[in-house]
Amino acid sequence: MNKLISAKQLIELQRMLTINQLYSIYLKGILQSYALNHRLPAYAPIDIDILIRINKIDKLIKLLRNKGFRLSKTIYNYSEIDLYHNPQLTFVNTSNSKLPRAIDVHLLIFNPTKSIFNSMPVNKGLKITRQMFLRKRKIKFGPTNFFILENEDMLLHQCLNFFFHHCCRGKRQLHDIADIIKILPIKWPVILERLIEWDLETYAHYSLQLAKEIYHAPIPKKILDITAATGPLRNYISNF
């Protein structure tokens, strides 16, 4: 089975989820690139990332198993998921060529618990995830409607994912952050308000600072000044 994701596979996945009333938000990848540039990404994705409501996960597990997917770990229902340490499930397609090779299902939008610098209580992560579902926006890709994050949430997700998951390394991810800022209308007061509310402004600062330094993303100086760290976290990304 081809490991790369095709547009047809993405559309078929969304059709299947919609029929089963499993409304998801698609993260990063093909749909983000299409929202920014109206074209597929220059890199070839090998998996799909979706965000789903927790109360739908049991139904999703059953559906994907019936469609030829297996979980990378043995989990049968929501009660077996460790939301604090790993609020993500990876489904691998073993037989169905009409669907993507792999699907990463996220139950929380951020997972900073692996970081040595910070941890986020599960209840806080759930609250932020619910807020993002309420703010999601619709995008048409081919004949099909999809949901993606609204502009500010898309930027925040990319910034914090770059810090916590990619450890402030990876020029492709940083380029994506710069593209969001250059192409989409961003409400910077909203960005600042959410970062302060979530107590994550320091961590977003480095993603924004690097996007400005390397890709000349037009970020207001006030935003960088307010989010700047008071501690020695800069050393964390000194080898970028």
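This is a tour of a predicted model, stop by stop, for use with the structure open in a viewer.

**Whole chain**

Begin with the full protein, coloured by confidence. The mean pLDDT is 84, and 80% of the residues reach 70 or more. The secondary structure comes to 9 helices and 7 strands. Of the 240 residues, 51% are buried. Among contacts with a separation of 6 or more, 68% link residues 24 or more positions apart.

Now select residues 236-240. Here pLDDT stays under 50, and the model has 16 contacts beyond four places in sequence for this stretch. Where pLDDT is low, the predicted coordinates should not be read in detail.

**The sheet**

Switch to a cartoon and find the strands. An open sheet is formed by 7 strands in the order S3-S4-S5-S2-S1-S7-S6, with mixed pairing. Strand S3 (69-71) and strand S6 (137-141) are the edges; each has a single partner strand, so one side of each has no neighbour in the sheet. On average, neighbouring strands are turned by 40 degrees against each other, direction ignored.

Select helix H2 (residues 29-37). H2 packs on the sheet, where it touches S1, S6 and S7, and its direction makes about 90 degrees with that of S6.

**From the S6 edge inward**

Select S6 together with strand S7 (residues 144-148). The two run antiparallel and are joined by 5 bridges. Lys140 stands opposite Asn145 in S7. S6 and S7 form a hairpin with 2 residues between them, and Gly142 in the turn has a positive phi of about 65 degrees.

Show the side chains of S7. Which of them are buried? Thr144, Phe146 and Ile148 are, and they point to one face; Asn145 and Phe147 point to the other face and are not buried.

Add strand S1 (25-27). S1 and S7 run parallel and are joined by 2 bridges. Ile25 has Phe147 as its bridge partner in S7, and Tyr26 stands opposite Ile148.

**S2 and its two partners**

Move on to strand S2 (48-51). On one side, 3 bridges join S2 to S1, and these strands run antiparallel; the bridge partner of Leu27 in S2 is Asp49. S2 also pairs with strand S5 (residues 102-106), in the parallel sense and over 4 bridges. Asp49 stands opposite Asp104 in S5.

Show the S2 side chains. Ile48 and Ile50 point one way, Asp49 and Leu51 the other, and all are buried.

**Helix H4**

Select residues 122-135, which make up helix H4. At 1.5 Å a residue its 14 residues should span 20 Å, and the end C-alpha atoms are 20 Å apart, which agrees. The buried residues in H4 are Gly125, Leu126, Ile128, Thr129, Gln131, Met132 and Phe133. What do they pack against? Their partners are S1, S2, H5 and helix H7 (188-198).

**The nonpolar core**

Hide the cartoon and show the core side chains. The largest nonpolar core has 74 residues; those touching the most other members are Leu17, Tyr26, Phe91, Val105, Leu155, Trp188 and Ile219. Helix H5 (residues 151-164) gives the most to this core, with 8 residues.

Tyr26 links this stop to the sheet, as the residue opposite Ile148 in S7. Next, centre on Ile219. Leaving out residues up to four places away in sequence, Ile219 touches Ile181, Trp188, Leu208, Ala211, Lys212 and Leu224.

**Two loop residues with positive phi**

Most residues other than glycine have a negative phi, and most peptide bonds are trans. Two residues to select here have positive values.

- His38 lies in the loop between H2 and S2. Its phi is near 55 degrees, a positive value in a residue other than glycine. At 61% relative accessibility, His38 is above the 50% cut-off and so counts as exposed.
- Asp199 lies in the loop between H7 and helix H8 (201-215). Phi of Asp199 is near 60 degrees, again positive in a residue other than glycine. Asp199 is exposed, with a relative accessible area of 52%.

Technical notes
Residues numbered from 1 in each chain as written. Heavy atoms only, no water. Core = buried A, V, L, I, M, F, W, Y, C linked by side-chain atoms within 4.5 Å. Buried < 20%, exposed > 50% of the residue type's maximum accessible area, 1.4 Å probe, protein only. Contact = heavy atoms within 4.5 Å. Expected span 1.5 Å × (residues − 1). pLDDT = per-residue confidence, 0-100. Pairing = 2+ DSSP bridges. Axes fitted to C-alpha atoms, helices over the stretch in contact; angles between N-to-C directions.
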